[in-house]
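Student: I have not seen this structure before. Could you take me through it?
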Amino acid sequence: MAAVRSKICGITRIEDALAAANAGADAIGLVFYPKSPRAVSVQQARAIVAALPPFVTTVGLFVNASRRELDETLEAVPLDLLQFHGDETPAQCEGARRPYIKALRVRPGDDLVAACRAYAGAQGVLLDTFVAGVPGGTGQAFDWGLVPAGLPKPVVLAGGLGAHNVAAAIAQVKPWAVDVSGGVEASKGIKDAAKVAAFIAAVRGAAAP
Ligand SMILES: O=C(O)c1ccccc1NCC(=O)[C@H](O)[C@H](O)COP(=O)(O)O
């Protein structure tokens, strides 16, 4: 099995970004969604990105942001990858002209193959839990049996993951990467360095041949 990458999402503090990097995170997520308890300002985001060592991918998360909000953020913060976590259409995602992943909130009956094909320009799809009225960061897992094998895009598995269940999730879904937010927090927006390290160790343990 290929090594499974880890993304630690909802980083709001430099010390948490550095703890994630030190523990071996492949990516950190910065939430540019003002209604989230994990939202960062462009100033906070710039400071976090500037503090990171090389080879840690910085992902900017947006929920139905306007073109202007996107452009202003991208002008101010050197993000590597965008994560569209709302109802953005393929055309809107492509319009940002940056590498991106598209979050899909999974429900029974969804045609995930068709969704992957619709977002043809995406580098991958992030599969997250559907909770009505909550775009993400629910802390709840979904039924991993809803993910068909062999999706035509790399899968980033999210939703209610933690050190306790990530190995089982990897064994069942075989994702390209896993994403966690609430499962490694001390409180909303504040990461617990020990939980982050335990999560990444569990991912690495699960991914070992
Ligand atoms: O984290 C948020 O507050 C958030 C708000 C709105 C849209 C997306 C959000 N987070 C998205 C993520 O990438 C989370 O890591 C993902 O939903 C998993 O969260 P969790 O279940 O808490 O691990």
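Student: How much surface does the protein chain expose?
Tutor: The protein chain exposes about 9500 Å², and carbon and sulfur atoms supply 54% of that area. Accessible areas come from the Shrake-Rupley method with a 1.4 Å probe. This is a predicted model, in which local features need pLDDT of at least 70, side-chain atom pairs count only at pLDDT 80 or more, and totals for chains, interfaces and linings use all residues. Residues are numbered from 1 along each chain as its sequence is written, and side-chain values use heavy atoms, leaving out hydrogens and water.

Student: What pLDDT does the protein chain average?
Tutor: The average is 96, and 98% of the residues score at least 70; pLDDT is the predictor's confidence in each residue, from 0 to 100.

Student: Now the fold: how many helices and strands are there?
Tutor: The protein chain has 7 helices and 10 strands. These are DSSP runs numbered from the N terminus, helices being H or I with at least four residues and strands E with at least two.

Student: In what order do the strands close into a barrel?
Tutor: The order is 1-2-3-4-5-6-7-8, with parallel pairing among these 8 strands. Two strands pair if DSSP finds at least two bridges between them.

Student: Which residues of strands 7 and 8 are involved?
Tutor: Strand 7 covers residues 155–157 and strand 8 covers residues 177–180, and 2 bridges join them. L157 stands opposite V178 in strand 8.

Student: And what share of the residues is buried?
Tutor: Buried residues (under 20% relative accessible area, 1.4 Å probe, protein chains only) make up 50% of the 209 residues in the protein chain.
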